[in-house]
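User: I would like to learn how to read the cavities, pockets, strands and helices of a model. Can we work through one example?

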Amino acid sequence: MIILSWNVNGLRAVLKKGFLEFIDREQPDILCLQETKLQEPQIPTEIKGLPGYHKYWSHAEKKGYSGVCVLSKEEPLSVSYSIGEERFDREGRVIRAEYPDFVLFNVYFPNGKMNDDRLQYKLDFYDRFLDVMNEAVKTGKNVVVCGDYNTAHKPIDLARPKANEEVSGFLPIEREWMDKLVEHGYVDTFRAFNEKPEKYSWWSYIGNARSRNTGWRIDYFFANQGFMKHVRDGFIRQDVMGSDHCPVGISIE
């Protein structure tokens, strides 16, 4: 089974940049999207009618903002959209899909760059979501969490770590939460298979960052330690264009 995660930075925009061809070529078993930036009436007919996939959406109340989607060949046992706090749920950031062997969370974690209030919102969301992950594991479920985490964990995960130590996305307090994930028994699936530098998933549109590979790795799959025996690979598809992010993925058996 191949699971892919991609922040498309606007689903309607990426449709004009080879998105359907990408799906046809890759044939992922599950495709998780972030930043769809649309409401239900705006879902493109090309996606509504996409054959072979069950489709699940979470939309933000604010138009043109946030939003996540799961396209799944296998119908999940259940799907939900809440993490138990209305201030988070109203931004359309989470889809929880339960399968026979694991629970998949597709998450667009908040960005803290706007101001101090949004940074605190991001940190609060982080803490609440770790509780959600732990609650699922405590019930005996395996957990896979994919999406745009909006934080580069370690210096290897961005091109210019020194220059960004005081920038949201690489602040010590944000990275400490990533450390906490590991301490709680969750594994960065990509790093479990690949310790190479210069592997990024997001590049600024400014300054030809992508062509120069001046990027950040902020898109992840984390899984609980007990599930790692089923994970065969973790990978980044830096060759796929269409957004300021590229897809990341795992293969599981």
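Analyst: This is a predicted model. We can start with enclosed space: the structure holds two cavities of 30 Å³ or more.

User: How much space lies in the largest cavity, and which elements give two or more residues to its lining?

Analyst: A cavity is space where a 1.4 Å probe fits but cannot get out. In this structure the largest cavity has about 50 Å³ of space. Two or more lining residues come from each of α7 (189-193), β12 (219-224), β13 and β14. The largest share, three residues, is from β12. Among the lining residues are Phe190, Arg217, Tyr220, Ile236 and Val248. By class, the lining has six nonpolar, two polar and two charged residues.

User: Which residues line the second largest cavity?

Analyst: They are Ser58, Tyr81, Ile83, Phe88, Asp89, Gly92, Arg93 and Val94. About 30 Å³ of space lies there.

User: β13 and β14 both came up in the lining of the largest cavity. How do they run relative to each other, parallel or antiparallel?

Analyst: Strands of a sheet pair through backbone hydrogen bonds, and the pairing can be parallel or antiparallel. Here β13 and β14 (residues 248-252) run antiparallel and are joined by five bridges. Isoleucine 236 stands opposite valine 248 in β14, and both residues also line the largest cavity.

User: What is the order of strands in the sheet?

Analyst: The order is β3-β4-β2-β1-β14-β13, an open sheet of six strands with mixed pairing. β3 (54-58) and β13 (231-236) are the edge strands, each pairing on one side only. From one strand to the next, the twist averages 10 degrees.

User: How is the length of a helix checked, with α5 as the case?

Analyst: The count of residues gives an expected span at 1.5 Å a residue, so the 23 residues of α5 (residues 116-138) should cover 33 Å; the end C-alpha atoms are 33 Å apart, which agrees. At the N-terminal end, asparagine 115 acts as a cap, with a side-chain oxygen 3.1 Å from the backbone nitrogen of aspartate 117. Just after the helix, glycine 140 has a positive phi of about 95 degrees.

User: Which residues are closest to the centre of the largest pocket?

Analyst: A pocket, unlike a cavity, is an open set of points. The largest pocket holds about 310 Å³ of space. It has 18 lining residues, and Asn111, Lys113, Asn150, Trp202 and Asp244 are the closest to its centre. The lining divides into four nonpolar, eight polar and six charged residues.

Methods
Residues numbered from 1 in each chain as written. Predicted model: local features only at pLDDT ≥ 70, side-chain atom pairs only at ≥ 80, totals over all residues. Heavy atoms only, no water. 1 Å grid on protein atoms, 1.4 Å probe; cavity = no way out; pocket = protein on both sides within 12 Å on 5 of 7 lines; lining within 4 Å. Points joined across faces, edges and corners; volume = space filled by probe spheres on them. Nonpolar A, V, L, I, M, F, W, Y, C, P; charged D, E, K, R; others polar. Helix = DSSP H or I, 4+ residues; strand = E, 2+ residues; numbered from the N terminus. Expected span 1.5 Å × (residues − 1). Polar contact = N/O pair within 3.5 Å; in protein donor to acceptor, adjacent residues only side chain to side chain. Pairing = 2+ DSSP bridges. Axes fitted to C-alpha atoms, helices over the stretch in contact; angles between N-to-C directions.
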